[in-house]
Amino acid sequence: MAKVDAAVISKIADSYHKDPHRLMDVVRDVHRDAGYLSEEAIEEIARAMGVHRVQVQDMASFYSFFDRKPAGACTIRLSNCVVDQMEGMKEVAAAFEKYLGIAFGQTTPDGLISLKYTSCTGMCDQGPAALVGDTVVTGLKAEDVPAIVEAIRKDKGRIGKSELFPNAEVQGGIQQAGAVVLAPFENGSALRKALNMSPEQVIEEINKSKLRGRGGAGFPTGMKWSFCRKAAGTHYIICNADEGEPGTFKDRAIMTETPDLLFEGMTVAGYALGAKEGLLYLRAEYSYLWPRLEQVLARRRRHGLCQSPGWDTQNGAGQPRGSRHPCHSGERLVGAGRTGISLFSLQRGQ
Ligand code: FES
């Protein structure tokens, strides 16, 4: 989109009902359509969404996935994390540079392909990995480069099908079943059990289990839940699936192998905390999981597993209220503590 197309932006904003909480989705779709976010596009998004221009500007500059200058129709983002480097990323990078005749940070003269590094794709277990447009490719070798580039050229930069790279699809990666992942689980069983207890009893049960957070501090989950339950105001359950610590891909494995378990855990927590809504904060590198997660949610809603009477007991006047788990997409985040930064991002509708 050489010139900002106000009608297209308005249509994109309408498709999200101009909901400021979906600002990230709108910005992402405009970026996808235009290839970058110009000052005029930012202006137009703000107008269409009824938010301040600074809010859009803020988001556009915060996330490295958003180009502020015209980039190629397709951007190849090769992970240069230390693990990918050990797995042969430098040879792959050299092969891309040689085949395309450009260096990383540059775009081919025909405007079709840009080369960029990214710090983490969440695919350390199957590197070297890259994002080709929105498609994750793994286990790359220097000899794969011509086929990838030619596929992009054939599709004029609009790559969206992993079948184009059959040997480079994301692998499951789980080697061994454990107490959580791949253990037998009947959908709805935990929720049914929880609903036969009071929210306080559920929290007590979590306390007894000695479950702890996995973010480094190992904070006792039950204690956190009881603080949240007692806190004033509207409560939300936020699942932070924005992992990016070096060598980490546990969230990806859980969302791939046991999405029902994840959503059921969120629903039980929502009941215990008297939460109004649940949000899954999905990092952009995992956006290929989105359709599958939406499918699982739709099935759970159909089976009444996301809508439990008593969900909103804190505010409830005996009214069954539905829980929702809209998937929010987070672009790559770097810097501060994960939980803090995700909340910050979600609060800004990002
Ligand atoms: S992919 Fe290697 S650090 Fe995330």
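**Close-up views of a predicted model**

**Figure 1. Helix H9 and the helices around its buried side.** In this predicted model, the buried residues of helix H9 pack against three helices, namely H8 (189–195), H10 (221–230) and H12 (259–273). Helix H9 spans residues 199–209, and its buried residues are Pro199, Val202, Ile203 and Ile206. These residues lie on the same side of H9, because they cover an arc of only 100° around the axis. In general, an α-helix has 3.6 residues a turn, so residues three or four places apart point the same way. On the face of H9 turned away from the buried side are the exposed residues Glu200, Gln201 and Lys208. Just after H9 comes Lys210, which takes a positive phi of about 65°.

**Figure 2. Strands E5 and E6, paired side by side.** Strand E5, made of residues 236–241, pairs with strand E6 in the parallel sense, and the pairing runs over six bridges. Within this pairing, Cys239 stands opposite Leu280 in E6. Strand E6 covers residues 277–283, and it is largely enclosed by the rest of the structure because six of its seven residues are buried.

**Figure 3. Thr118 in strand E2.** Strand E2 is formed by residues 113–118, and Thr118 lies in this strand. Is Thr118 buried or exposed? Thr118 is buried, because 21 other C-beta atoms lie within 10 Å, where 20 or more are needed for a residue to count as buried. Measuring from C-alpha to C-alpha, Thr118 and Ala129 are 10.0 Å apart in space, while 11 residues separate them in sequence.

**Figure 4. The regions of highest and lowest confidence.** In the chain, confidence is highest in helix H6, residues 89–100, with a mean pLDDT of 98, and lowest in strand E7, residues 327–330, with a mean of 40. Over residues 308–342 the pLDDT stays under 50, although the model has 88 contacts beyond four places in sequence for these residues. Where pLDDT is low, the predicted coordinates should not be read in detail. For the chain, the average pLDDT is 82, and 84% of the residues score at least 70.

**Figure 5. The chain as the setting for the close-ups.** The chain contains 14 helices and seven strands, and 37% of its 350 residues are buried. Of the contacts between residues at least 6 apart in sequence, 71% join residues that are at least 24 apart.

Definitions and conventions: Residues are numbered from 1 along each chain as its sequence is written. This is a predicted model: local features need pLDDT of at least 70, side-chain atom pairs count only at pLDDT 80 or more; totals for chains, interfaces and linings use all residues. Helices (H or I, at least four residues) and strands (E, at least two) are DSSP runs, numbered from the N terminus. A residue is buried if 20 or more other C-beta atoms lie within 10 Å of its own, exposed if 12 or fewer, and partly exposed in between; C-beta atoms are placed from the backbone. Two residues are in contact if their C-beta atoms, placed from the backbone, lie within 7 Å. Two strands pair if DSSP finds at least two bridges between them. pLDDT is the predictor's confidence in each residue, from 0 to 100. The arc is that of the directions from the helix axis to the C-beta atoms.
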